[in-house]
There are 2 protein chains.
Amino acid sequence: MDMAQFVHNSIGCWKSQRSAHHLAFAHFEAVQSEIQISLLQVTDPPVQDLCRQYHIDPIRAIAPFSMSWQGQSDWEDSEPSQGSCVLVPIPDPDGAGQLLRSQGYAEEIPAIGRYVFLPDGTFVLTTPYDRASAEERIWFVTPQMRCRVSLIKTRSGTGVVTASFASEIRV
Amino acid sequence: MDMAQFVHNSIGCWKSQRSAHHLAFAHFEAVQSEIQISLLQVTDPPVQDLCRQYHIDPIRAIAPFSMSWQGQSDWEDSEPSQGSCVLVPIPDPDGAGQLLRSQGYAEEIPAIGRYVFLPDGTFVLTTPYDRASAEERIWFVTPQMRCRVSLIKTRSGTGVVTASFASEIRV
């Protein structure tokens with residue numbers, strides 16, 4: 001598995017069923033959402049802008065894509081959430097690399113993470129933030145279904161604040 | 001990571017927060033449970049019995065262990081569940097191997113699965129059953145926390161019926 005293949009497999013619309021475990025209080029949160037993943041061009045202005053922001057030559061980018069989502073949590077009084085972000089992979093020669101994103105997962109600011117692929121094709125992304133770090137794992141069970149585990153850790157990585165799991169089915 | 005090390009890391013009492021996604025109906029189930037994992041001896045009668053049942057020489061077994069759990073689902077009218085099983089690893093020379101269990105995950109009968117370890121230490125177990133197959137992945141985030149993803153698939157492996165995720169914290 002390489003990044004171009006992984007992005008290619010991810011393109012489309014996904015119905016996501018996500019459970020978040022807020023560990024300190026043993027709370028469960030259930031979120032239903034729809035996620036749209038679309039391929040972008042390296043020449044698209046948002047891709048160029050994001051590369052410039054990180055002082056990276058856009059010529060190094062491959063398979064940039066956008067992700068947009070809208071979802072609804074089962075927590076009381078929660079508003080439907082929606083958003084979108086641009087993601088730009090910058091591969092190393094060995095198949096691992098960096099992933100730039102216009103809006104982070106743990107904090108809503110631009111973020112840069114490191115990804116690797118495990119031999120079974122699992123994508124593992126580690127992203128440091130100001131006050132936390134995030135680890136995401138995504139793997140395809142079938143071409144029509146993927147799993148995603150996201151952990152929000154303390155900045156030092158010693159504790160886990162939130163663990164969440166999404167099962168995503170292609171619409 | 002090898003099986004002896006993995007079992008050693010797992011010994012103890014764990015508080016588990018588990019979410020099951022029943023995919024056909026997009027239903028969520030939340031289960032809180034406590035899991036006790038204890039080391040057994042190869043000479044213990046339940047270990048010997050399980051090996052005999054699969055016509056495997058117990059001398060090939062390493063680090064057999066027992067798992068017992070009691071839990072409570074948030075589904076209406078569900079009774080507290082509890083149970084226990086004996087697990088016996090039979091390693092190959094390459095570090096992968098077979099795992100015998102006295103009671104299966106997808107079906108409550110004895111089962112034999114194949115395990116491998118990914119380079120990051122993730123334990124991946126695949127178990128065929130009569131009418132289904134199960135894939136479990138367990139990895140340690142810290143020595144005090146592990147994640148477990150379990151998928152129940154159709155026998156042919158083409159569809160996923162239930163996807164569940166447990167975050168487990170050492171008590």
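A residue counts as buried under 20% relative accessible area, as exposed over 50% and as partly exposed in between (1.4 Å probe, protein chains only). By that criterion, helix α1 (residues 3–10) of chain B has the buried residues Met3(B), Phe6(B), Val7(B) and Ser10(B). Seen down the axis of α1(B), these residues fall within an arc of 95 degrees, so they line one face of the helix; the arc is that of the directions from the helix axis to the C-beta atoms. This is a predicted model, in which local features need pLDDT of at least 70 and side-chain atom pairs count only at pLDDT 80 or more, while totals for chains, interfaces and linings use all residues. Residues are numbered from 1 along each chain as its sequence is written, chains are lettered from A and ligands numbered from 1 in the order in which they are written, and side-chain values use heavy atoms, with hydrogens and water left out.

**Arrangement of the copies**

- A turn of 180 degrees and a shift of 0.0 Å along the axis lay chain A on chain B with an RMSD of 0.0 Å (least squares on the C-alpha atoms of residues with pLDDT of at least 70 in both).
- The two copies are thus related as by a two-fold rotation axis.
- Of the interface residues of chain A, 94% are also interface residues in chain B, so the copies meet through the same surface.

**Helix α1** (helices are DSSP runs of H or I, at least four residues; strands are runs of E, at least two; both are numbered from the N terminus)

- At the start of α1(B), a side-chain oxygen of Asp2(B) lies within 3.3 Å of the backbone nitrogen of Ala4(B).
- Gly12(B), just after α1(B), adopts a positive phi of about 135 degrees.
- In chain A, Ser10(A) belongs to helix α1 (residues 3–10) and is buried, with a relative accessible area of 3%.
- Leaving aside residues up to four places away in sequence, Ser10(A) touches Ile37(A), Phe140(A) and Arg146(A) (contact means heavy atoms within 4.5 Å).

**Nonpolar core** (buried Ala, Val, Leu, Ile, Met, Phe, Trp, Tyr and Cys residues joined through side-chain atoms within 4.5 Å)

- The largest nonpolar core has 20 residues, and those with the most contacts inside it are Met145, Val149 and Leu151 of chains A and B.
- The elements giving two or more residues to this core are β8 (132–142), β9 (145–154) and β10 (160–170) of both chain A and chain B.
- Among the residues that Met145(B) touches are Leu23(A), Leu151(A), Trp14(B) and Trp139(B).

**Cysteines**

- The structure holds 0 disulfides over all chains (a disulfide is a pair of cysteine sulfur atoms within 2.5 Å).
- Cys51(A) is buried at 0% relative accessible area, and its sulfur is 14 Å from the closest cysteine sulfur, in Cys85(A), too far for a bond.

Methods: A polar contact is a pair of N or O atoms within 3.5 Å; within protein, one must be able to donate a hydrogen and the other to accept it, and residues adjacent in sequence count only if both atoms are side-chain atoms.
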